Structures are given as C-alpha cells and as structure tokens.
Amino acid sequence: MSDGELYRRVERHLEVIYPARAGAPLVEEVLAAIGLGPDDEMPPAASHWDQHDVAVITYADSITEAGKVPLRTLHELLDDLTGDVMTVVHVLPFYPASSDGGFAVTDHRAVDPRLGGWDDVADLAETYTVMADLVVNHVSADHPWMEQFCRGEMPGSRFLLSAEPSDDLSSVARPRTTPLLREVETSDGPRLLWCTFSHDQIDLNFGEPDVLVDLLRTVRCLVDAGVRWFRLDAIAYLWKELGTSCLNLPQTHEVVKLLRTLLDARCPDSVIITETNVPHDQNVAYWGDGDEAHLVYNFSLPPLVAHTMISGSAVAMQRWLAQLEAPPPGTSYFNFIASHDGIGLRPVEGLLNSAELFRLIAAAHSAGGTHSEFDTPEGPKAYELNVSLWDLFAGDSDALGIAQFLAAHTIMLSLAGIPALYVHALLGTPSYWAPISEPPRIVTEHGLPPVEQNRRTINRRKLTLDEAVDLLGAQDGVRRRVLVELVRRMLVRRGQPAFHPDSAQTSLDLGSRAFGVIRGGLDWDQTIVSITNVTHGRLTIDIEVLSQLCSPDSAGIRFAAEGCMDLLDDRVHGPGAHPSLTAGQTMWLCLESERREPALASRRPRRSPQR
C-alpha cells in the first residue's frame, strides 16, 4: 500500500472502471503489469513535440526488398526518401495477424517473423520516434484465446466477449454492415461471440480486469522495444454495456486516462493517440481535460480538404476552422489527409450537405476508387471513400492535379498539430484493385451502386523496392519532383516557430476562392499567414486588404506598412503589392524581419530513461 500520487491516481481510475474490484491488489497488479511499483512517483511533465515533428504512416512491408526483412528496408528507405525530415514513424500493426491489414492480431507481443523482430523495432527507434498500434478492441479468430473459448478453458473463456440470443443489441453503434454476432461451436454447445468489425475479429471482454492487465503487459513489451507513441486503434468501441450504443462509454474514457497516467509515469516522453472515426465532438472528447489522449486524429480534415480541392471552394473548410476548438494544454491534433484507411465521411456530418457528400463520392469513383457504407436505423449510409490520394487529385499527372495534391499537403502542414503523411502519398501510389473481386463502378445520377464491405486494400498496396523506384521515375519523374517539393516545404516549415504545433491558430476568411489561416503571433515572435488558392484558375491577393483582415490582436501583421515575403518562394511583396497565385499555389507570408532559415537538422528521439 502506498499513499503516493501515482498510486492514488491509479486507484481513482480503477474505482471508475471496476468499482466492485478496485483495491490494493488490483492497483498493484496494474502497476506491475506495465513495470511500475506501488512506491513509484510521477515524474515532471515532458515536452512532447515541436515544429520539427512530422510523422510518416506506413506498414512495415509497404516496400519490400529481396533478401532483407521489411523493417530494415523501411528504415533505409525512409532515410533515402526523406532524409531526416521525418521524425515519427507510425508502423502499422507488425504483429502476427490473420486479416484486415494486420488488425486481426493473433499475438500482441510478437513481431511477425516475415517482417523482422523486436531488434529491428528497437533499431528503428534509435533513429525515429516509433508509433505502434494497440489493437485494444479485439483479437483474431485465430488467437489462442479463441480455441480456449471453444474448449471452455481459461483465460479465453473469460477474455472473449459473448452474447445471449435474448440480449437487446438494437442500440449498438458499428462502422460495418456485417452481422454483429458470430456463432461458434464450443464444448457447451453453440455460443455467440461479439464481432464489432468482422467475424475474424472477436471483441474482448474488458469487464474482466485481467483483460486490462494483459493489455498493460503488451504496453510494457512495446516500451521495452523503444516504442514511445501509442495509437489506440478503434478505442471508442472498447467498453460494452447492453442497452447502450457501446460507443464512447465513460469506462472507455477512463481506461484511456489510466493509460495516460501509467505511461506518464513509466516514460514521460510517451504520447497516446486515440483513433476514433466518429463525429468531431465525440472525437475531441478524448482529450478529456488534458488528462486523456495527447493527440486525437483530426478526422474532419481529409474529407474537408478533398471537398475544398474538388469543389474549388474554401467555404466549408473555412467555416470549420473558425469553429475549431483549441486543444487543452499539453494536447494537440494529429493532422493527416491520407492513411491506410479510407477518407472517413462520418466526421463531416453537419459540415457538408448531402449534395457535397455525393460529389465527393462521385469523385472517388471517377478516380478509379469506390466507397464503403455502415448501418444506421435509417438504413446504410456512406462511411468512407476508398481511393489513393494521388489518383483523387493527380491521377492524370496534369498540372492542376499535381498542384492540388501539393496544396492539400501544404494546407495540412500549415495547421496547428502534428502533420502525418502516408507513405503511398509520398510515392504517388495509384489505387490497387487486384485483391478486390469486382471492378470499380461509376456513381450515376440515379444513385450509388451496392458496395462491398471492405475495400481498404485499394490504398494498402505492397510494392517491391524496384517497383517503388520505377514509380518515382514514371512519366518523366513527376512523382519524384512532387516528393522533393514536399520535403522542401517540410524543411521550410520546421524552421519557423509559428508552425509549432501549439502556436496560436486563427481562421482568415478570404472568401470562397482561397483558404487562409494565421499561425503564431506575438507569443511566438513570428506570425505566418498561409493562403492557398483552391480554385482551378489564377487568384490575386491585395497585400493592403490582407493586412487589414489580420487583426493586430491575433496576428500583429504590418504587411501594409512593411510588406512581406513568401517563405515558399523567397519572394518579397512590398506594401500595396498584388501577388498572383496560380491554381493550387500556397504562400506562407511573414514579415521579412521575422523570417527564419529552414532548419537543416531535425530533432531525433529523446527517449527518457525507463523505470
């Protein structure tokens, strides 16, 4: 028994999660599972990020090379492709798995031997901050717990979540249209197992404290391998309670708070990221009061950026940005516009109307992609777009599409938060239809065609190193030139204090034709105004009018008196100038006296000592 701050915090968390089981034995078991003792104390808070930080999202085997394990190829490839501009590497599930792109895990504390070993993860963590997935909601149907469940043996008989035929599951919220329950034969006869995502992904019973303890042992394993950023996959569905939606329940939030407390104590530079593809207000609730997730995925950003570029109007995105809440201290957004999943549409409920959503879906189909749906009481609704980002914007490699592709990423780099780029966006990988049983079908004015349940494989292509090299060299090297330009913009960005993830952010309404945001201000010794021409033609900006729009309280801009310079092309625009932007062009404007040179050396991992 201890009366230290860490012990008391853990005890309070467990009283919320397991009121009937909370007490000294469970507190000490929880602490021991992650490698802490009852007398350990909370260390001082750490600084987790700055403007140097940019993440890359990739599978361990997105790029493979003959005779080398993929984790080593990944390490070398990132160094070759982007130099040291990337600081965080999100390696999607590298555990043994049976399906769903690695998210149907058969062993959470092993590295799939086809990908490498724990030594390879540790080596990667010596150069980059490694972000790994905690697949908390479910395990594979091939997990040993499944066999134990069918035989009535421990721990599987308690760890997997079962249901009774009489249970009222009518309120359960799910992102799929497949049946929720799967029948399996057991030594006691047929039983029903809960499957939120697929029948190969069996939900865990977190009503059993031992399931939580086992999760913490997995966290300890990852910490020991050098992992410091933890993505809580599908965390919103963790806790189940009959008669509710089983989505975002209070116990789920408390589990995240418990993980935050434990990781803050075990390694203060750790970061928790919640993956909750739900409407915006539910998503940002995972910050808590600054005591829950460090980062939340900015799920509204990908569909809004896509809509802005496709429609040529910044109205919806500018309105969203003006209402976007500032994160609690010590937290931020994880900004992305492409990932291994599709472009979610639920996060723009209330932000885009039905006609705007239909235009997005039609654009995905026209670009060679498709979309998926989920069940609601009113019937199926569109869930996400499944298409490669390159195809959506620049598939034809025309000048406008390439400019829009760069503009979409530059808008992301301009916003408050940590930017993350998908490896297949960096490479310009096209949509991949080989694993899909049907060819793409075009949306017509008569409505949407039926769709398959899971088409995410479209954006999860596996390339050999030779194929990646050929892709970058294709069509006179247009993809390579785009990659070089993206890296250059990231280098410019990380030299500017105004782009610190925590610096002030103010929406700048320039009308429908341009997207504007002000970053920094007096507290950061620098102010940058980011302006992107989202139209399909040329746009002229009046520097004097721009200076008037930038309130001194929020920006302190003096462009009208002193002029300004564009950090992206080193061009100076004097007072009264009227610079012209081509379609998709972005300007990062600041006072010439506040300009900083691009930072040439990135911040490498600062892993804190483990307890």
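## Exercises: cavities and one buried serine

A search of the whole structure, a predicted model, finds five cavities of 30 Å³ or more.

**Exercise 1.** State how much space lies in the largest cavity, and which residues are closest to its centre.

*Solution.* Start with the volume. The largest cavity holds about 200 Å³ of space. Next, take the lining, which has 21 residues. Closest to the centre are F197, D233, A234, E275 and R456. Finally, sort the lining by class. Nine residues are nonpolar, five are polar and seven are charged.

**Exercise 2.** Describe the second largest cavity by volume, lining and residue class.

*Solution.* Volume comes first: about 130 Å³ for the second largest cavity. Then count the lining residues. There are 17 of them. F299, F336, S339, D341 and G342 lie nearest the centre of this cavity. Now split the lining by class. The second largest cavity has seven nonpolar, five polar and five charged lining residues.

**Exercise 3.** Place S547 in its helix, decide whether S547 is buried or exposed, and list its contacts beyond four places in sequence.

*Solution.* Begin with the secondary structure. S547 sits in helix 17, which spans residues 543-549. Then check the accessibility. The relative accessible area of S547 is 10%. The cut-off for buried is under 20%. S547 is therefore buried. Last, look for contacts, leaving out residues up to four places away in sequence. S547 touches I557, R558, F559 and A560.

Technical notes. Residues numbered from 1 in each chain as written. Predicted model: local features only at pLDDT ≥ 70, side-chain atom pairs only at ≥ 80, totals over all residues. Heavy atoms only, no water. Helix = DSSP H or I, 4+ residues; strand = E, 2+ residues; numbered from the N terminus. Buried < 20%, exposed > 50% of the residue type's maximum accessible area, 1.4 Å probe, protein only. Contact = heavy atoms within 4.5 Å. 1 Å grid on protein atoms, 1.4 Å probe; cavity = no way out; pocket = protein on both sides within 12 Å on 5 of 7 lines; lining within 4 Å. Points joined across faces, edges and corners; volume = space filled by probe spheres on them. Nonpolar A, V, L, I, M, F, W, Y, C, P; charged D, E, K, R; others polar.
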